[in-house]
Amino acid sequence: MRRSTLIAAAAALAGCAALSACVTAPTPKSYGALRAANPRSVLVVPALNSTVNVDAADYFVSTISRPVAERGYYVFPAHMVKRLLDDEGLSDAGLVHQADASQFGGLFGCDTVMFVEIQKWESQYIVISTSTNVEFDYTLKSCRTGETLWSNNQALSYSPQASSSGNPLADLLVQAIAAAVEKAKPNYIPLTQQANLLATHVAGQGLPAGPYLPAQHQADQKTFPN
């Protein structure tokens with residue numbers, strides 16, 4: 001894992017740890033079905049975009065492969081997947097998400113297929129504050145049986161905060177400029193990268209270590225229980 005990723009993961013997980021001091025931790029998921037399937041590979045199909053932002057799915061696809069691979073699974077190249085699906089007449093994400101998961105096993109030889117639905121991809125401007133929000137539903141299914149092996153939801157928001165100069169009027173102006181900049185060019189990609197990292201890496205909620213993390217594979221039952 002590259003140093004930048006380690007830092008990002010540490011920051012994200014540290015944030016979770018800090019939040020856990022004041023927020024009740026969610027109940028750990030059950031990983032019995034996923035461990036029994038013991039997959040080696042994950043096919044990430046094009047995301048289903050349920051928002052009004054037409055570019056959301058294209059931006060999202062560039063952010064999901066890396067965090068899944070870092071959990072120790074082989075991830076099929078996104079562009080190859082899209083091209084082969086197009087050749088099979090599955091160019092529409094809605095059709096892909098309605099298809100039987102076992103169909104992808106015959107096409108790609110994959111162990112599992114991950115479906116992601118984009119629930120929120122928006123930037124809201126209120127007075128002098130801009131909030132950028134993303135939300136995703138993740139579902140991992142077996143390419144052999146079609147069974148759902150794991151699912152998760154992750155929502156994150158980002159609001160730029162200007163530092164205080166001690167001058168209320170100047171601070172108000174700086175905050176307004178920061179909000180306008182965020183509104184003009186929302187910070188979707190870093191926010192989406194962090195959401196994917198949290199969805200796949202957080203103990204008890206994300207993905208247990210796959211076979212390409214041999215030191216942890218099948219040895220992390222305490223943090224990813226059956």
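Helix α3 of this predicted model turns a set of seven named residues inward: Ala56, Ala57, Phe60, Thr63, Ile64, Pro67 and Val68 are its buried residues. The helix covers residues 56-69 and bends by about 25 degrees at serine 62. What do the buried residues of α3 pack against? Their partners are the strands β1 (41-44), β2 (48-49), β3 (74-75), β4 (112-126) and β5 (129-142), together with helix α8 (188-201).

Now let us look at the rings. Across the whole structure, a search finds 10 aromatic pairs. In one of them, the rings of tryptophan 121 and phenylalanine 136 have planes at 65 degrees, with centres 6.3 Å apart; the pair counts as edge-to-face because planes over 60 degrees apart are classed that way. This pair links distant parts of the chain, with tryptophan 121 in strand β4 and phenylalanine 136 in strand β5, 15 residues apart. Tryptophan 121 and phenylalanine 136 are both buried.

Tryptophan 121 also forms a stacked pair with tyrosine 188, where the centres are 4.6 Å apart and the planes differ by 20 degrees. Here the link runs from strand β4, which holds tryptophan 121, to helix α8, which holds tyrosine 188, and the two residues are 67 residues apart. Tyrosine 188 is buried, as is tryptophan 121.

The two pairs sit side by side in this table:

| Pair | Centre distance | Plane angle | Arrangement |
|---|---|---|---|
| Trp121 and Phe136 | 6.3 Å | 65 degrees | edge-to-face |
| Trp121 and Tyr188 | 4.6 Å | 20 degrees | stacked |

Which residues do ring pairs link into a cluster? They are Tyr59, Phe60, Trp121, Phe136, Tyr138, Trp150 and Tyr188. Phe60 brings us back to α3, as one of the buried residues of that helix.

Next comes the empty space. The structure holds 1 cavity of 30 Å³ or more, and the largest cavity has a volume of about 70 Å³. Its lining is made up of Leu34, Arg35, Asn38, Pro39, Tyr73, Pro208, Ala209, His217 and Gln218. Sorted by class, that lining has 5 nonpolar, 3 polar and 1 charged residues.

Finally, a view of the whole chain. The protein chain has 8 helices and 6 strands, which follow the order α-α-β-β-α-β-α-α-α-β-β-β-α-α from the N terminus. Of its 226 residues, 38% are buried. Among contacts in the chain with a separation of 6 or more, 70% come from residues 24 or more positions apart.

Notes:
Residues numbered from 1 in each chain as written. Predicted model: local features only at pLDDT ≥ 70, side-chain atom pairs only at ≥ 80, totals over all residues. Heavy atoms only, no water. Bend = angle between axes of the 7 residues up to and from the residue. Helix = DSSP H or I, 4+ residues; strand = E, 2+ residues; numbered from the N terminus. Buried < 20%, exposed > 50% of the residue type's maximum accessible area, 1.4 Å probe, protein only. Contact = heavy atoms within 4.5 Å. Phe/Tyr/Trp six-rings, centres within 6.5 Å; stacked < 30°, edge-to-face > 60°. 1 Å grid on protein atoms, 1.4 Å probe; cavity = no way out; pocket = protein on both sides within 12 Å on 5 of 7 lines; lining within 4 Å. Points joined across faces, edges and corners; volume = space filled by probe spheres on them. Nonpolar A, V, L, I, M, F, W, Y, C, P; charged D, E, K, R; others polar.
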